Amino acid sequence: MMDWHSLVAYDASAPWTFLNAGFWMFLVVVLAIDACWNRDRQGTMRHVWLLMASLLFYWKTSGWFVLILIFSTCSDHFIGHRIADSQAKRRRNAWLAVSIALNLGLLFYFKYTYFLTDAWNSTTGAHIIPRNWLAQGANAALGTTWSVDRILLPVGISFYTFQTISYTVDIHRGHVAPLKRLTDFGFYVSFFPQLVAGPIVRAADFVPQILKPDTVTRETVGKAGFWILNGLLKKVLLADWIAVNFNDRVFASPAAHSGFEMWMAMYGYSLQVYADFSGYTDMAIGVALLMGYRLPQNFNSPYKADSCGNFWKRWHMSLSGWLKDYLYIPMGGNRSASWFTAISAGFLLTFVVLLEPDSSALSILLGTLIGGGIAMARVPKFQRWIVTNVNIWMTMLLGGLWHGASWNFVIWGGLNGLGITVYKLWRKVSPWETKDRFWKRAVAVLITFHFITFTRIWFRTASHTTWASFGSEHDLSAEWDAANLVLSQLANATPIHVLKEVMYHYGHVFTVMAIGYAIHLLPSKWKTEYRAAFVRAGLPIQIALTTVSVAVAMAVLAAGGTPFIYFQF
């Protein structure tokens, strides 16, 4: 008999993910009841049911933080109507500002409170200890014993916050009309397949589907099954297996491993983070298809990119598009800087000052900014170059800071911005730019891949790797030292006998890595063909492939797994 208590009770040590048996039991119940609704005549009731199911899912993932999701939903639904109903531009702008302030205020409280408190304490000598006020209120009201001495990060808050901001901004721009029913808007915000780690869904893309969802056909189920199995195998066979058997060991103690092992761990981590995140979104796309909803593509073979800019058009496409439309273009894009650029720069500079209390380092930074200002004033061409590139740097630096209050994330974002800028300069003088030869494109892809992998030194050393560490404060000095240690190890030569020993012990891991990259680099046409072959296959074949895939996944997970990397953001 199904243990309903296990489905309803919240366990912070084992939140629901696509890898939990409880989630799939939940999904079967959701789909069974969903199939009973008449979509034309009972659409509202169906949305209410899916909304309730989504809130239950989020409760199983984040506990009482579901109240934050409900608050964001109610407030932005109300504000969206106020923006649409306001005739005066000033009132529309004021309501939009309220929406942005509420959403970013919540995000900042949960994501940056520890960092800001530590900065304040170190500057003033105070001893302020942040407290989890939501937990304290829940304890008082319900008699629970939730921890109040630690601010946990609500899973998915960065994603659904960006989603609700895009909704009010698009209403302000006149791109969408506000949804009339709170339940419809709540369904849009909390739709459980993509709620906790994206892809970020825009109202203009999803609202029409709410009003008229697609019919679920035999072909749709086949596509959904393919994406679910594809994502599951990516996550388990590539991301988790490589992490548990190699990557985590090397990054846990870089000094104890050779330079060759460090290089292979960097290659392994690039494959791990891709397989982990794209695996989640593949499964999210498949689960959504089972209910008749289409989520946007979030990855497009990013390691085939031939430039850093092209990489960000292929990687986490929903976030890259969001940053472009709601941050980069409002700053002025590649045309000019704006007042919004100045505000963003001031905000970023404030964080940099707080991140680096060392006065000598701040003096160097200030001197660099003053020197750059003088150069801009004296050299018009340099001024134009700065103005047309500063928005790229601001966007990438803020994108890095979005991942967490850590120098390492800022450096990671800054390096990616630098990569885009350098490529723009190279494109003006490069005789290869047309890439009319295969070898030219291959070299460009290889250089881009190594640059992206190099930047992940700072991304990996700033990332948390366990459920227990998600939402905890960053140890800035430890993360900085860890990145420097990885850099130093990469520079170390590896003796031949050590290399042979490493290949002997980890040859099976490196083989899996090679297979993973080979599949990733397959022509898109081939991938489309074997996807279509699965959809066309008879039900017995699909069931057999599903059974084998799940059995293999369960066997691998029994030996250990890792949390989805992007749940921490």
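Where does H474 lie in the structure? H474 is found in the loop between helix 18 and helix 19 (476-490), where helices (H or I, at least four residues) and strands (E, at least two) are DSSP runs numbered from the N terminus. The model is a predicted one, in which local features need pLDDT of at least 70 and side-chain atom pairs count only at pLDDT 80 or more, while totals for chains, interfaces and linings use all residues. Residues are numbered from 1 along each chain as its sequence is written, and side-chain values use heavy atoms, with hydrogens and water left out.

The protein as a whole has 22 helices and 0 strands. Buried residues make up 51% of its 569 residues, where buried means under 20% relative accessible area, exposed means over 50%, and partly exposed lies in between (1.4 Å probe, protein chains only). Of the contacts with a separation of 6 or more, 76% are accounted for by residues 24 or more positions apart, a contact being heavy atoms within 4.5 Å.

To return to the opening residue, H474 counts as buried because its relative accessible area is 19%. Leaving aside neighbours within four places in sequence, H474 is in contact with G404, A405, S406, F409, A462, H464 and E479. One of these partners, A462, is 12 residues from H474 along the chain, and the C-alpha atoms of the two are separated by 7.4 Å. Helix 18 spans residues 438-462 and also holds T455, which is buried because its relative accessibility is 0%. The residues that T455 touches, not counting those up to four places away in sequence, are W412, L415 and N416.

H464, one of the contacts of H474, appears again beside an enclosed space. On a 1 Å grid over the protein atoms alone, a cavity is a set of points where a 1.4 Å probe fits but cannot get out, whereas a pocket is an open set with protein on both sides within 12 Å along at least five of seven lines; lining residues have an atom within 4 Å of a point. Grid points are joined across faces, edges and corners, and a volume is the space filled by probe spheres set on the points. By this rule there are 3 cavities of 30 Å³ or more, and the second largest cavity has a volume of about 100 Å³. Its lining consists of 12 residues, of which Q272, H464, T465, P563 and I565 lie nearest the centre of the cavity. By class, this lining has 4 nonpolar, 6 polar and 2 charged residues, with Ala, Val, Leu, Ile, Met, Phe, Trp, Tyr, Cys and Pro counted as nonpolar, Asp, Glu, Lys and Arg as charged, and the others, Gly among them, as polar.

The largest pocket has a volume of about 1200 Å³. It is lined by 44 residues, and F226, W227, N230, D282 and R531 are the closest to its centre. At least two residues of the lining are supplied by each of helix 10 (218-252), helix 11 (259-289), helix 20 (496-520), helix 21 (524-536) and helix 22 (539-558), and helix 10 gives the most, with 11 residues. The lining divides into 21 nonpolar, 15 polar and 8 charged residues.

Helix 10 also contains I228, which is buried because its relative accessible area is 12%. The C-alpha atoms of I228 and M283, 55 residues apart along the chain, are separated by 4.2 Å. Apart from neighbours within four places in sequence, I228 is in contact with W24, D282, M283, G286, V287 and L290.

Two loop residues have notable backbone angles. Most residues other than glycine have a negative phi. S301, however, in the loop between helix 11 and helix 12 (308-314), has a positive phi near 45 degrees, and H316, in the loop between helix 12 and helix 13, likewise has a positive phi near 45 degrees. S301 is buried, with a relative accessible area of 8%, and H316 is buried as well, at 1%.

Helix 13 comprises the 15 residues 317-331. The expected span of a helix is 1.5 Å times one less than its number of residues, so helix 13 should span 21 Å, which agrees with the 20 Å between its end C-alpha atoms. The helix nevertheless has a kink of about 40 degrees centred on K324, the bend at a residue being the angle between axes fitted to the seven residues ending there and the seven starting there. Its buried residues are S318, L319, S320, G321, W322, L323, Y326, L327, Y328 and M331. Just after helix 13, G332 takes a positive phi of about 130 degrees.
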